[in-house]
Amino acid sequence: MIILGIIIILLILLFGVIIKVNRDKLEKNKINEQLAEQERQAEEQRILKQQEQKQKEEEERAREKQEEENAKGIIYLTFDDGPSSDITPQILDILEQKNIKATFFVVHYNEKNAELVKKEVEKGHTVGLHGYSHSYSEVYSSQESCMENFKKIQDQVYQTTGKKSNIIRFLGGSSNTVSKKYSEGIMTELTRRVVEEGYRYFDWNVDSDDAGCAKNKDDVYNNVITGLKENRKNVVLMHDFSNNQKTVDALSAIIDYGLENGYVFRKITEETPMVTHKIYN
Ligand SMILES: [Zn+2]
């Protein structure tokens with residue numbers, strides 16, 4: 001009798017435990033389901049946001065394209081040989097005031113000037129590659145040396161900005177004949193090779209001559225505005241190396257001239273068709 005009583009009590013206890021375990025399990029399942037639902041909703045939100053962003057970008061591109069079609073021509077302002085602590089900030093300020101995007105073909109820079117390269121990207125400009133070294137004798141001593149020179153500056157820009165740039169400009173442009181002194185025929189080979197290796201190279205068709213004969217801001221201004229042509233992509237060569245104040249002083253007037261005469265200003269991107277010179281070496 002006593003034994004039967006104990007067995008019944010044990011069975012009752014056992015049932016109690018089973019019911020409790022099941023209840024806990026159900027509770028846990030419910031929480032898991034709720035969590036899964038929350039995750040699903042967050043993922044849905046993320047996808048929705050992505051789609052909205054994509055649509056916005058597409059609309060912006062379509063608007064820009066329309067603007068380009070209506071324009072007399074496109075102007076791509078390009079600045080080589082920077083960044084420099086005295087000139088580059090002034091150029092960035094003017095571009096921001098005028099709400100214009102441009103392209104900077106940079107050479108090796110120190111830690112302080114890395115901030116300027118960062119700012120170029122932050123402000124929506126394109127950072128292109130000119131070369132880690134700007135020494136013709138070194139860079140054009142061999143194809144490998146030139147390719148290595150692009151790779152090294154590409155790595156530095158990546159370290160600074162987190163962006164890999166494939167947009168390049170050869171020292172002296174692809175039409176340079178200086179390279180002949182160091183390697184016969186090298187530009188013919190290099191221009192093919194860089195494209196094969198995924199780069200896009202850009203020369204220019206408007207020369208401000210600010211690294212040559214232009215003596216003051218009026219020379220820079222006149223060289224640019226007389227070089228502009230309607231119904232084409234005008235790639236303007238300028239420099240933001242140290243002490244080049246004349247280009248800074250001409251820049252606002254150049255932008256005003258372009259806008260008043262129906263041009264639009266663009267930065268070079270991976271989608272921009274290459275503008276290239278004839279090759280002489
Ligand atoms: Zn240069």
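Let us start at helix 6, whose buried residues are covered by elements that include helix 5, strand 4 (167-168) and strand 5 (200-201). Keep in mind as you look that this is a predicted model.

Helix 6 itself runs over residues 186-196, and its buried residues are Ile186, Met187, Leu190 and Val194. Viewed down the axis of helix 6, these buried residues fall within an arc of 85°, so they line one face of the helix. The spacing has a simple background: an α-helix has 3.6 residues a turn, so residues three or four places apart point the same way. Turn to the other side of helix 6 and you will find Arg192 and Glu196, which are exposed. Just after this helix comes Gly198, with a positive phi of about 95°.

Helix 7 invites a similar look. Spanning residues 217-227, helix 7 has Val220, Tyr221, Asn223 and Val224 among its residues, and these four are buried. They cover an arc of only 165° around the axis, which puts them on the same side of helix 7. And what lies over them? The cover of the buried residues of helix 7 includes strand 6 (206-207), strand 7 (233-239) and helix 8 (245-260).

Now go back along the chain to a pair of helices. Two packed helices are described by the angle between their axes and the distance between the axes. For helix 3 (residues 111-122) and helix 5 (residues 143-161), the angle is about 75° and the axes are 9 Å apart. Helix 3 and helix 5 are therefore roughly perpendicular to each other. On the helix 3 side of this contact are Ala114, Val117, Lys118 and Val121, which meet Val157, Thr160 and Thr161 of helix 5. By kind, the residues of this contact are four nonpolar, two polar and one charged. Helix 5 also brings us back to our starting point, being one of the elements that cover the buried residues of helix 6.

Finally, step back to see the whole chain. There are eight helices and eight strands in the chain. The radius of gyration is 31 Å, well over the 19 Å that the globule rule gives for 281 residues, so the chain is more spread out than a compact globule. Along the principal axes, its C-alpha atoms fill a box of roughly 120 × 45 × 35 Å. Of the 281 residues, 30% count as buried. As for contacts between residues at least 6 apart in sequence, 78% join residues at least 24 apart.

Terms used
Residues are numbered from 1 along each chain as its sequence is written. This is a predicted model: local features need pLDDT of at least 70, side-chain atom pairs count only at pLDDT 80 or more; totals for chains, interfaces and linings use all residues. Helices (H or I, at least four residues) and strands (E, at least two) are DSSP runs, numbered from the N terminus. The radius of gyration is taken over C-alpha atoms; the globule rule is 2.2 Å times the number of residues to the power 0.38. A residue is buried if 20 or more other C-beta atoms lie within 10 Å of its own, exposed if 12 or fewer, and partly exposed in between; C-beta atoms are placed from the backbone. Two residues are in contact if their C-beta atoms, placed from the backbone, lie within 7 Å. Axes are lines fitted to C-alpha atoms, for helices over the stretch in contact, and angles run from 0 to 180 degrees between N-to-C directions. Angles under 35 degrees count as roughly parallel, over 145 as roughly antiparallel, 65 to 115 as roughly perpendicular and the rest as oblique. Ala, Val, Leu, Ile, Met, Phe, Trp, Tyr, Cys and Pro count as nonpolar, Asp, Glu, Lys and Arg as charged, and the others, Gly among them, as polar. The arc is that of the directions from the helix axis to the C-beta atoms.
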